[in-house]
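Trainee: I am new to this structure and would like a close look at one part of it. Please take a single strand and go through what surrounds it.

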Amino acid sequence: MEDDKRDQPLQVVMFPSLAFGHIFPFVHLSNALAAKGLNVTFLTLPSLVPKIRLSLDPNIPILSYKLPPIDGLPSDIYSTNGCSELLVELLRQAMDATRPQIAKILAKLSPQVVVFDFVQCWVPEVAELLGIKSDQQESLGWVVHQEGRKESSEDRSKKGKEVRANNSNFREILQQEGLQEDYTKGFITMLTELATKQCSNAR
């Protein structure tokens with residue numbers, strides 16, 4: 001049964017944070033992965049779907065989750081765009097509160113790999129409970145992480161600076177066909193190794 005699963009296209013869930021500077025690199029990478037035959041599912045808020053759908057491969061399904069109410073966070077805030085530091089922190093708290101929803105989505109999809117942003121540092125714990133385990137991998141500001149490592153707010157802040165510092169490099173890669181091809185191949189190889197390790201650990 002496990003051999004049959006490994007013979008199927010890799011199942012990948014993309015779960016970016018709510019910053020457009022992170023969302024659209026996830027969108028472009030999703031498109032590149034889908035073009036290589038991977039089965040990709042994109043997670044985001046309902047209010048962001050129309051904007052994301054304009055750039056996302058039409059064959060990539062989008063699944064939505066909702067932000068739970070948080071004291072002090074206006075109901076019409078759905079991204080960090082134009083937000084004060086206080087609102088960004090409240091938005092992060094709301095994202096943390098989506099954990100039960102995301103757990104249900106991942107349990108239903110049963111992906112081999114979850115690609116997520118550094119903000120959602122609880123995803124590794126959810127993945128571990130679902131039997132999705134792998135190593136942490138970072139490149140060009142991306143975080144692929146399902147091992148269960150916990151991160152402090154200082155870690156997240158440091159990683160956020162690294163992400164912002166590398167955004168221009170990633171955009172450059174996306175704009176150059178040859179570089180994009182090399183990056184995508186390397187990323188897929190890494191995802192496949194993570195999934196293979198997951199299957200090996202399950203035995």
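Mentor: What follows is a walk around strand 2 and the elements joined to it. The model is predicted. Strand 2 covers residues 39-44, and five of its six residues are buried, so the strand counts as mostly covered.

One neighbour of strand 2 is strand 1, residues 11-15; the two pair in the parallel sense over four bridges. Within that pairing, Met 14 has Phe 42 of strand 2 as its bridge partner. To get from strand 1 to strand 2 the chain passes through helix 2, residues 20-35, and this β-α-β crossover is right-handed.

Helix 2 is itself mostly covered, with 12 of its 16 residues buried. Among the buried residues are His 22, Ile 23, Phe 24, Pro 25, Phe 26 and Val 27, and also Leu 29 and Leu 33. At 1.5 Å a residue, the 16 residues of helix 2 should span 22 Å, and the end C-alpha atoms are 22 Å apart, so the expected and computed spans agree. Just after helix 2 comes Gly 37, which takes a positive phi of about 95°.

Strand 2 also pairs with strand 3, residues 62-64, in the parallel sense, here over three bridges. Thr 44 has Ser 64 in strand 3 as its bridge partner. Helix 3, residues 49-55, belongs to this part of the chain: strand 2, helix 3 and strand 3 make a right-handed β-α-β unit.

To put it together, strand 2 pairs with strand 1 and with strand 3. Helix 2 lies on the crossover from strand 1, and helix 3 is in the unit with strand 3.

How values were computed:
Residues numbered from 1 in each chain as written. Predicted model: local features only at pLDDT ≥ 70, side-chain atom pairs only at ≥ 80, totals over all residues. Heavy atoms only, no water. Buried < 20%, exposed > 50% of the residue type's maximum accessible area, 1.4 Å probe, protein only. Pairing = 2+ DSSP bridges. Right-handed = clockwise from strand over helix to strand, strands pointing away. Expected span 1.5 Å × (residues − 1).
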